Amino acid sequence: MGLMDAIFGNASEMDANSLQKEYGIILCEGERIERAYKLIRDKWVFTNKRLIIQDIQGITGKKKEYMSIPYRSIERFSIETAGTFDMDSEMKIWVRGCAEPLEQNFGKNSDILEIQKVLAQYVL
């Protein structure tokens, strides 16, 4: 993750294969990680079955919350690509039963179109 991405609150891509072992304990049989992004300590993990948002809490980071959002619960989503002066990309996901969307900014080096492709593959 780039220092500037961290300062501006932008998520950057992680190696999905390296997370497979870390997340293996919570993944279902046949579930695999497609894409993963890190924002300082928190992570957004896209599997072939759901979106997992990991919120690391506390000073030591031992306390972790995992929000699991099955793709069937996603009603719609939007992406906004980076521009010349606006150097981050943005994604919004509306989940059934929630009035406000989940929002995440991604650094200019993150391929927001590839994230959209993963979501489209499993949501549509």
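What share of the 124 residues of the chain counts as buried?

## Overview of the chain

In this structure, which is a predicted model, 37% of the 124 residues of the chain count as buried. The accessible surface of the chain comes to about 7,600 Å², and 52% of that surface belongs to carbon and sulfur atoms.

The chain has 3 helices and 8 strands, and when the elements are read from the N terminus on, they run in the order α-β-α-β-β-β-β-β-β-β-α. If one takes the contacts in the chain with a separation of 6 or more, 38% of them are accounted for by residues 24 or more positions apart.

## The largest nonpolar core

In soluble globular proteins, nonpolar side chains tend to be buried together. In this model, the largest nonpolar core has 18 residues, and the members that touch the most other members are Phe46, Leu51, Met91, Ile93 and Leu119. Several elements each supply at least two residues of this core, namely strand 3 (42-47), strand 4 (50-57), strand 6 (74-80), strand 7 (89-95) and helix 3 (112-123). Helix 3 gives the most to this core, with 5 residues.

Leu51 can be followed in more detail: leaving aside its neighbours within four places in sequence, Leu51 is in contact with Trp44, Val45, Phe46, Met67, Ser68, Ile69, Tyr71 and Ile93. Apart from the largest core lies another core, of 8 residues, among them Ala16, Leu19, Ile33 and Ala36.

## The two sides of helix 2

Helix 2 covers residues 16-23, and within this helix Ala16, Leu19 and Tyr23 are buried. Seen down the axis of helix 2, these buried residues fall within an arc of 55°, and they therefore line one face of the helix. The face of helix 2 turned away from its buried side carries Asn17 and Lys21, which are exposed. Two of the buried residues of the helix, Ala16 and Leu19, are also among the members of the core of 8 residues.

## Cysteines and disulfides

A disulfide is a covalent bond between the sulfur atoms of two cysteines. With a cut-off of 2.5 Å between a pair of cysteine sulfur atoms, the count comes to 0 disulfides in this model.

Are Cys28 and Cys98 buried, partly exposed or exposed? Because its relative accessibility is 46%, Cys28 counts as partly exposed, and Cys98 likewise counts as partly exposed because its relative accessibility is 47%. The reasoning rests on the cut-offs, since a residue is buried under 20% and exposed over 50%, and partly exposed in between.

Conventions:
Residues numbered from 1 in each chain as written. Predicted model: local features only at pLDDT ≥ 70, side-chain atom pairs only at ≥ 80, totals over all residues. Heavy atoms only, no water. Buried < 20%, exposed > 50% of the residue type's maximum accessible area, 1.4 Å probe, protein only. Helix = DSSP H or I, 4+ residues; strand = E, 2+ residues; numbered from the N terminus. Contact = heavy atoms within 4.5 Å. Areas by Shrake-Rupley, 256 points an atom, 1.4 Å probe, with all protein chains shown as cover. Arc of directions from axis to C-beta. Core = buried A, V, L, I, M, F, W, Y, C linked by side-chain atoms within 4.5 Å.
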